[in-house]
Structure formats: C-alpha cells, structure tokens
There are 4 protein chains.
Amino acid sequence: MIVVMETGATDAQVKVVAQRVDALGLKSHVIVGTERVVVAAIGEKREHFKDSLEVLEGVSAVVPIVAPYKMASLEVRGEPSCIEVLDFKAGAGQFGVIAGPCSVESEDQILQTARAVKAAGATALRGGAFKPRTSPYSFQGLKEDGLKMLAAARDETNLAIVTEVMGTGDVDLVAKYADVLQIGARNMQNYRLLEAVGAVGKPVLLKRGASATMDEFLLAAEYILNEGNPDVMLCERGIRTFEEHTRFTLPLASVPYLHRKTHLPVIIDPSHGTGHTYMVPDMAVAAVAAGADGLILEVHPDPSSAMSDGYQSLNFEGFERTMQRVNVVRQALASLS
Amino acid sequence: MIVVMETGATDAQVKVVAQRVDALGLKSHVIVGTERVVVAAIGEKREHFKDSLEVLEGVSAVVPIVAPYKMASLEVRGEPSCIEVLDFKAGAGQFGVIAGPCSVESEDQILQTARAVKAAGATALRGGAFKPRTSPYSFQGLKEDGLKMLAAARDETNLAIVTEVMGTGDVDLVAKYADVLQIGARNMQNYRLLEAVGAVGKPVLLKRGASATMDEFLLAAEYILNEGNPDVMLCERGIRTFEEHTRFTLPLASVPYLHRKTHLPVIIDPSHGTGHTYMVPDMAVAAVAAGADGLILEVHPDPSSAMSDGYQSLNFEGFERTMQRVNVVRQALASLS
Amino acid sequence: MIVVMETGATDAQVKVVAQRVDALGLKSHVIVGTERVVVAAIGEKREHFKDSLEVLEGVSAVVPIVAPYKMASLEVRGEPSCIEVLDFKAGAGQFGVIAGPCSVESEDQILQTARAVKAAGATALRGGAFKPRTSPYSFQGLKEDGLKMLAAARDETNLAIVTEVMGTGDVDLVAKYADVLQIGARNMQNYRLLEAVGAVGKPVLLKRGASATMDEFLLAAEYILNEGNPDVMLCERGIRTFEEHTRFTLPLASVPYLHRKTHLPVIIDPSHGTGHTYMVPDMAVAAVAAGADGLILEVHPDPSSAMSDGYQSLNFEGFERTMQRVNVVRQALASLS
Amino acid sequence: MIVVMETGATDAQVKVVAQRVDALGLKSHVIVGTERVVVAAIGEKREHFKDSLEVLEGVSAVVPIVAPYKMASLEVRGEPSCIEVLDFKAGAGQFGVIAGPCSVESEDQILQTARAVKAAGATALRGGAFKPRTSPYSFQGLKEDGLKMLAAARDETNLAIVTEVMGTGDVDLVAKYADVLQIGARNMQNYRLLEAVGAVGKPVLLKRGASATMDEFLLAAEYILNEGNPDVMLCERGIRTFEEHTRFTLPLASVPYLHRKTHLPVIIDPSHGTGHTYMVPDMAVAAVAAGADGLILEVHPDPSSAMSDGYQSLNFEGFERTMQRVNVVRQALASLS
C-alpha cells in the first residue's frame, strides 16, 4: 500500500503512520516529495489494513497496490481453468453454451427446449425453479417440481443443469438435482449463500451484481473458493447505468479484463444484459468475438407466452441462427491462431 | 398499463394485444393516434402482466401507470407510520437517532459508546456483530458475543439495539438480542432473508441497495410487510455512481420522494453515504433539513483504532457537536410550522 | 403522449389537462381506469409539449410515445445511409476504418502512420490538431500546422482526414483541410458548434457524450441534419459509469439499438471506450460482430512516446493483427447472409 | 506520482520507468515490495506525465498524488473567496440567492419576478435569453430582446443579472447586459467558451457537467482562472445516475468536498438537481444546512404556463416560503458558531 499524506501533514503525523504500518507487520518506507510525503507499506496486504491507515490524522488517501483476492487470481494459479460437467466445458479454450427458459413452466416446455437447444449446440440447460422476483406478487417458480423436470431433461439429453439457488436453506435441495448452482446478481454479496455453495461439491455460476466492481466480483468468487470449491464460473450480465434503452448495460470489456486478472472462466449473458430479444444475437456474437468462454441465453418455445422474461428470450429458430453466427465467428478467429 | 405499439403495427397485432389484455382480466381500450396505436389496459395491475404484454409482436413499450407496491404505499395507509421501540421513535413527526460503532469490538467499547451517544441525544444503539465484508479475509464480527454486549448496553441505557442480520440461519439468534433487525444494502434483494425477518415480530431497518431503484426498494419493503410485519424503516445510505470523491453518492431527494410515496419512516445514513468523517456532520444536518425521520451514524470512541469503517466514524465530541447542529435545525424548522 | 393523472386527481384537474392538450393542437382522449385517469394526447408531438402538461396540477407523469427526432429516424428515411468520402465508406453494408494517432505530433509521425494504417486496411486517417484537454496545462495540439500535416498525408495516401473541431471559430479552418469534421464527446451538446458544422458541406463524425441518452445523442445529430447537412456518422465511445477498471464503459448494444432507430452509420471507438491498449483488439472485433459500420482506432508508431493517449493506442503491428481479426469475422458473418 | 509495476515486471522495465521519470524532470525513487515494485516520482506534477508513464511496459498503474488544478485550489489561495456583484455576495460566509424563470418570456414576466424574488430575499435574478435545448425544435429563447428585459429588471431592482452564454460568438453581447455569465452543464468542457469567458471581466457561474468528476469540474474552472478571470462560482446541479424518480441526482456532499479543496464559492441548484417542484424547497434547505454559499432557483409567476421547466419551478409563494425556511436554518446554524 501507498499512504499519501495531506499537504502540510506534520512530521509527527507521518511518524504515527509509519509506526502503524510497522505495527501491522508491514515495513514502512517514507518518501518526501516536493509537495507531499508518502509512506509505502511493504509486505503482504490484507484488506482491513487499508482502513487502519486511512483513519489516521494527516492521511489523504491509501492506495492499494496488490489485488485483494488470491485464489481467484491468474497470478496464483498461472493458467486458465476449465470447468467441466457432463458435456459442458468452459474455459481454457473450451466454449460452453447454456440455454433454456427463464422459468421452468412445465415438463413439456423444458423437455422441448432441452432437445432444441441441444440440437443447436448447447451443452447445458438453464431454467429457474426458484425465481428471485422484484415483487412478492410475481410468479416465484415451481420449486422442487421444477427441479425434477430439469433433472428429467438432463436424463434424456445429458445437458448439464444450471439453476439458481436463492437461499442457504435451499442449497441441499437444489444441489440434489442440479449440476451447476447459479448465484443470481442480487445475491452476489449474500455471503452466507456464497459460503454455503462453497461447501458443496458442485460448480457454481456466479453472476455479477448490477453495481459490483470487478474487485467485489472477484472477492465474491473468493468467498466460494475459500470454502474449498474450486469450480467457479463468472457471469457478466450487465450493470446498472443511466441508460434506459437497455435493461442493463452489458460491458464486454469485462472479458479481456477478467482474462487478465483471473483464471476463472467468463460467461456472458446477453439476455439479461440487454433485456430485448432483438439485441441478443448481435451481443452473443460480440461476446464470442471479445473472447468469452461461454454464453448463457434465454430460450423459450414461445416467448410471447413465457411466464417471465419473454421479452428477452429467443425462440428455437432465433437460437439456432444465433448459434450459427457464434460458430462461424469462433471458427474464423480460431483459424488465425 | 399503457401498451404502445410500434409505428406500422398491423391491426392484427393490435387485436392480439387487446385480447391478451382482456385475457389477463383487464379491460382493453384501443386509441388510434396519428403515428401510433396505444392500448390502455384498465384494472388492477400485477407486475408480471407487463412481461406478458411486452413480448407480443408489434409492441414497442409497456408503461405501468400504478405503483407495483401496495402495503408500502402512502395511498393505501393514508398517513405516515411511526416506529417505536423502547425510547426510539421515528416517523410521523418523531425523529430517531441511531448511533454506534460499525463493529462491536469489546464490552468496554460498546458500553462507553452507548453512554456517550445517549448523553448526546441518540435513542438507539447500532453495532455490527455479524459483519458482511467484501473480502473473506476481513474481520467478520464477534457474532453472538457481540450480540450479548449490545444487549448489556441496552440493559444499562434503554437504547434500542439495531444490528444486522446476514442470513436466514441467524434471524432467530439476532432477534433474541436485538430490538431492530437491520438488512444491509447487499441483502436488499435477498428475498429469503426479507421473508424471514418479515415473519419475526421485531421492527426492521431496510437499507437501500447501492443500485436499487425506488420501486425495487419499496418492493423489498413490501416483501417484509407481506409476511405480516408492519414495522419497516427505509434507510437511504447512498448509491453507486461514477463519483470517486465519496464512497457512495447520498441522494437526499430520496426523503421528499419517499414521503410522497410511502408511509414508512425514512432514515438517512451519512456515514456510509459519504465514507468520510469530515463530510458526516454537514450531511447529517442536511438530511434533517430535507425532512428525514431519523439518522444512523457511525460513532466510535477512537475512530483511528476502529476495526472497520473508522474513516467514516465520528468520535464522541464530533457526534455531540453534530447533534447540536441537528437539534437547532429541527427546532428552527419546527418554529415555522 | 399519455398524461397520467395522480390517484385522486379531481375531475376539474382532468378537464384542465384535456383543455391544455386541445389548446396545443392535439386531440385529448380521457380514459378512466380503476385507480387512475389517463389522458391520451393524439397528434404530432413536439418536445416542449411534455413540459406544458407536466406542470399542471394533478398530473403524475407524461409519457412520450413518439421519438423526438425526425430526420435522424430510420422510419423517416426508410433505409440506412452510407457516408462516402474518398475511399472511406461506412453504412448500409459498407465498413469503414478510421485509424491514426490521438495527436498529430510531426509530419514524419503522421505520414508513417498513414502509410501503415492504409497498408493494413484503414480508409481514413484520424489525428488531432486541436485537442480538447481536461487540464489547461496539457498539450493542446499543433493547430493549423497539424492540419497541414494531415492534408499532406491525405495527398499521398488518399485516406480521408478525420479531425476534431472544438469551436465555432475554428470550423472554417478545419473544414479547409479535413474531409470529416469530428465533434468530440464533450461538445456533443455544444449546440452552436452543431449548428456550425451543420452549415458546412462536409461529413461529421459525432461522438456520443459520456452521459448522453440515446435520445439526446440522436437529437444532437438532428441539430446538424436540421441545418442541411445530411452526412452524420454516430460514434459510440463509451459512457461514464461506476466502473473503474476501464476508462469508460463501452456499450456495444448501442449498435443494434441505433440500427433500429436511425439510418445514420454507427462507428465504434474501442480506444476511448476502454482506455487500455490490451483491450482494444478484442473490443474492436466484438464491435464488428455486433454489426458496427466502422471503427475508429488510435494507432501510433511508438505508443510509449505518444504525447497523449499512448496507453490506449495500438502500434502498427497491433493494428495489423487487429485488422486481420476484424476481416475474418466480417467475412465469416457475410458468408451466412 | 506513484508508478506501480506489474507483478513480475523485469528489472529492465523498472529501469526504463525510472529513466523516464528522471527525463521528465522528476526524481525517481524505486521501492521493492514483497510482490511488486513501485517507482515514486518526486517533483511538481503536470497531468500529461501520467500518460507518459502509463504507456511503458511492465507498468500496472500510475497514481497521481497531487491535485491537477492550481489556481482553483484552497491550498494555493489559503482562504475562501467571496464573489460580489451589486447586492449579490456569495462565499466566505456570505450567502447569495439567485432566482428567476428558466426562460425570459416577456418584460412583464421578468419584472414581476424580479420584484417578487427581491422582496423575498434574492440578490440576483436568473433568466435564460439563449436557451440550450435538447431538441432543435424547442423554444430557443428571446436572445438579445431577452437580455434587454433582464437589464431593465436590474435597473429597477439592483438585482445582479445571471444568464447563460452558449457560444463564443455571443460572449460580448451577453456580457454587455449581464452581471454574471453562466456556463451551462452541457458546456462545462467547451474549452473555447471557457477561455472566452475567462477573458471577460465579469464573474462566471460554472455549472457542473452531468457526468463530470470533481477534478474535471475544478479543471474547467482552472481554464477560466487561467485566462485571468478570478471570479468563478461553482454550481452543483446534479449528476446523471441510474435514478429515474428525479431528473438528476443532486449530491450535496459536493459542498463539504469542494470547501475542502477549493476557495471558490459553491452554489446549489435544487431545481435542475431534482426536476420536481415539490422537492425543491426541501433540497434548498438541505443545501443550506450542508454549508452551500448560495442557491439558484427557478421561480415563475405561473409555472403551469412557463415556456420551459415549469415542472421544476416555484411560484412566488413557494419561493417566499422556501426563503423563510432557508433563513431560519441559516440563523440557527449561525447561532452555534
């Protein structure tokens, strides 16, 4: 860390800072500039040290130098990770496509969708059985019945099942049926839930919170990794900005950024990231071009009758055409390397 | 709702929309404009109807007319609510001040603080026993030991205890010691937790999520109210924006807005809302002037040694001076009405 | 427009609104819902009518139905526009690449760059002669000398020259040398400047303001079109959000959105949109995949010695490799249609 | 500046950085940490040095230590400035109130308003003669006729005239009639205009751009100061965020922040900052409580017939009551110091 003193900070204040740095088990190093003094704190960083220094008198700012996450970092692992479940693979050159409806609505709906998305190239099936809804009056999902329908679809198609778990009390139940546990954007910093899925031996798809910074996102992953579960996929699904013409703003620069910082695979969600069916294919293909390790797409047999999120769902034909574009772009880029 | 059709939508598409509106139990009303057709949907609104209409072909937008929350609305209750616990009162003209450290650190620390803030005019004591921390490596709180220290402070001072509950598994434990259950900003849309505190007979302080819209905030309150718990306080603690010179951006216009829309009391948190001790007094007084029903302030015997959030905590003297300013402004404004 | 009345609005208030609507030359149509009354205003919309209605007593909100821009809209023109200057073409299926340094620094620098980017496939040369800088103490550009160097580069290479004009007083001078006048993001709502470039017979590259909504962006274009200049290109260069790991957040969903709303070509700027050289190639290729009509990229012979923006500039080799990826993706996608 | 190297940066890369630092006329100082090397650059900072270092290989980040503005800084001047024109004073303990309509509409309207706001305590009169409008089809102001009406109102009331100048071509004309030149939020980074008003001997009211950081805001002021005009007032008028229930988000923490960094007076605009008449009084009083040096408020004889911004304008009675609240709060706070 670098502790920047205020202009005019006294020698005594600088000394207190240096002593605090040393007391924290770091090594202080004072540099006197023309306008300000800075104190470098050398040693391994722990996040709350920042607070301990920021509060001292005469301190203007504390600038962290090292990333606050460890197990999630690319530096520590040295190479990208690949997450594999059944036929699904994502990361380290593998590309995985997760497709399916926002909500599981019926056995027929989910089976039809599973067959269609598999035929078009998906390797995992998404579908919500427990639905986090902004309003308590909205449809909340079929719960365990929905999970059973998903499991039945897996049994027929061998697609990996990706479904959301909303609370610690549901983790065992969901893990009984699902292959990948999804943590929704609203729960990205629900630490109890992160710990609970960290203790389960199944891969986790962690969605970025709508206003999470990258450090917060990677530290949320760190909570899971820290419990002993190494199989975390990061899902960029859009951030909340002033833009009104899309549901969220989908920042694809997250892909090169995360690939530089972490070994965890990066999955893009153009359905939530845009909120409009007509934008989904273009943004799916763009995500591939940006280097994403996979996609998660909402697909419904008849979006106009979907119980949730129909306005951002592809129908089977739309998904198939999107996959064709995805595939030609992947092949084209592969031909160069 | 108002369903706005695309320019060039066909008569058949308009007809499908009108039929869907009627099938939802609403009454459709078609208006033909010079450039576009709109279909008004008359009747009581439920949120997921919006989705059901937005997905239809030829639809450009669906504009809700009525607020999606009911029990939280001022219209429904007709007058502001006041939440009372021990000596703490907030809402409907009553002003409540919650003060105390970010984290409970020791019995001595919390008792000292309780006495000091009570002497300066606080009616409730805050203090974190379960701490949601961005990093798994940061101090996570004293847990039940911390709760016991808070309870001891209440027993001596009669201050109401306000403390955070992070997971459904902790609700009973926290409710055993606390007078007011706090839901942190990161858990504002942790619906399982909202339901759990809704089922407990204790008041709830619900913090606004850092990127929550007002409708989302009020619907989160609605989740709690909907479980039968009428005692919810709304806490504005700042939103995430592009600003970097404050930890969050604290939008005090939330006060007049919420007072117009809901009967629930509005508490302002200038400590998290700014992230800098030196800004807290000015923003606390500004909150009072804006009409807030209460404040929640971080106060620590020695902020420079605090285990968390010291950089935004007042010391006892700073709190006392802030309370003086708060009081003269309240009196001055009261003299006018 | 739809005027939504407050719950409890009186009949007299509704009547005043209806009369105001009629007085504005529109036709009012009152719809009585179960909870609220809405007044539809039928007829051609003008923006300030919204204000005139929003101020009336009892009005809750005014919802515009029709886009506020006309000449920029796809509806009005019916088909996409292509902007052509020298060898540069963008829009309606044509793809144009503008490349070059942030600032023109010397004749040698700009000539070298012009040759290199042309060889790799660019059809226009960018380079700042008048530089808008956040600080008055930063390098402000070579001014007319820079313009002359750009013109010399065009004379040799036939690349179209794209350069920024910062003030109305410079329009004639810049237009004397440049082929395309660039309006920077900070001047997107400098209406005097928009009018001035609208009166010049040269194409304009209009950059989106860092916090401009799409309606504001298209209305800025409308200012130029309204002065009789039909040749406007829209440049998405990123928006300001809470994200700190990129200079701006680059929302590629702007491409499908703008293609749906306007006939004007859409150019993406991944250099400013990310602010980091290492992200530029991925985002350039992603922009192509999203359907952009062109790219503008910062390229410098030696970014580490650039006088401005070197941290987001490609060197010649980086540009050439980016163009290879751009080209294979364009071909791959073309093979499907 | 502190140059943070990447983990794994080579000695050669560190050496290049240190050499560049020295070549820039600064003094380099290398600190070897356990995970990373940092290079401190000691000496007076100039903004573009940051760029020059950021581009070097092996550099992870460059952290500025000193503020980029000079003349605007409190450090340099040592005490707050007060701007005085006619009866208007703001800053250094003086509180100035600027009130009046969004647009000058007629002599009668502006004279009536001038008398009413003066009677209630305003010391300056605002009114737009040149109106920057999002749409080219909206009312653009009465131009010189409007300026003459403003001047007539000043002649009668001695209120200082504050009015916007939109382009360099209008500066002389506006300066002929006005006492304070207003730079609108959209033109905050119109550097040609900043230079032009910097060369005029009249005070300037500089509005913060809707997505400007504080450094950008203060550097815009620096452009004006740098031309020799010392009389700049900073106006916070709200920033663009994801919030939809207000026109902008008005961050009152700007007041304590700016008072800590700059000697220039800080004026708050609750009219644009909220966009709703009913919020204006609460936020005006809150601004005073936060320590603002003045207010600018939209006041219109009959907001429901205003040609622009009526929905955020106070009528005379609303302004008078707001001023009563403002005054009692100012007195109450003054009684404490």
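Between chain B and chain A there are 4 salt bridges, where a salt bridge is a side-chain nitrogen of Lys or Arg within 4 Å of a carboxyl oxygen of Asp or Glu. Before going on, some ground rules: this is a predicted model, where local features need pLDDT of at least 70 and side-chain atom pairs count only at pLDDT 80 or more, while totals for chains, interfaces and linings use all residues. Residues are numbered from 1 along each chain as its sequence is written, chains are lettered from A and ligands numbered from 1 in the order in which they are written, and side-chain values use heavy atoms, with hydrogens and water left out.

Back to chains A and B. One salt bridge to look up is A:Asp170 with B:Arg192, whose closest N and O atoms are 3.0 Å apart. The elements that give two or more residues to chain B's side of this interface are helix H2 (47-54), helix H7 (191-198) and helix H8 (214-226) of chain B; helices (H or I, at least four residues) and strands (E, at least two) are DSSP runs, numbered from the N terminus. By class, that side of chain B has 17 nonpolar, 18 polar and 13 charged residues. The classes work like this: Ala, Val, Leu, Ile, Met, Phe, Trp, Tyr, Cys and Pro count as nonpolar, Asp, Glu, Lys and Arg as charged, and the others, Gly among them, as polar.

How much area do chain B and chain A bury between them? The figure is about 4,200 Å², with 49% of it on carbon and sulfur atoms; buried area is the accessible area (1.4 Å probe) that two parts lose on being put together, summed over both. In chain B, the residues that lose the most area to chain A are B:Thr134, B:Tyr137 and B:Arg192, together 17% of what that side buries. In terms of contacts (heavy atoms within 4.5 Å), 48 residues of chain B touch 48 residues of chain A. The same pair of chains has 22 residue pairs in polar contact, both residues at pLDDT 80 or more. A polar contact here is a pair of N or O atoms within 3.5 Å; within protein, one must be able to donate a hydrogen and the other to accept it, and residues adjacent in sequence count only if both atoms are side-chain atoms.

Now turn to chain A and chain D. Here the contact takes 24 residues from each of chain A and chain D, and the two chains bury about 2,100 Å² between them, 63% of it on carbon and sulfur atoms. A:Ile31, A:Glu35 and A:Ile65 supply 22% of the area that chain A buries against chain D, more than any other three residues. For polar contacts, the count is 1 residue pair, both at pLDDT 80 or more. On chain A's side, the elements giving two or more residues are strand E1 (2-5), strand E2 (27-32) and strand E3 (37-42) of chain A, and by class that side has 11 nonpolar, 6 polar and 7 charged residues.

This interface has 4 salt bridges too. In one of them, the side chains of A:Arg36 and D:Glu75 meet at 4.0 Å, N to O. A:Arg36 lies in the loop between E2 and E3 of chain A and D:Glu75 in helix H3 (residues 74-77) of chain D, so the pair joins two chains. Over all chains, the structure holds 64 salt bridges.

Next, look inside chain B. Its 4 strands form an open sheet in the order E2-E3-E1-E4, with antiparallel pairing; two strands pair if DSSP finds at least two bridges between them. Strand E2 (27-32) and strand E4 (59-63) of chain B stand at the edges with a single partner strand each, so one side of each is left without a neighbour in the sheet. Neighbouring strands are turned by 20° against each other on average, direction ignored. Strand E1 (residues 2-5) and strand E3 (residues 37-42) of chain B are joined by 3 bridges, and B:Val3 has B:Val39 as its bridge partner in E3(B). Helix H1 (residues 11-23) of chain B lies across E1, E2, E3 and E4 of chain B, running at about 155° to E2(B). For that angle, axes are lines fitted to C-alpha atoms, for helices over the stretch in contact, and angles run from 0 to 180 degrees between N-to-C directions.

Finally, chain C. Strand E2 (residues 27-32) and strand E3 (residues 37-42) of chain C pair in the antiparallel sense over 6 bridges, and a hairpin joins E2(C) to E3(C) through 4 residues. The bridge partner of C:Val30 in E3(C) is C:Val39.
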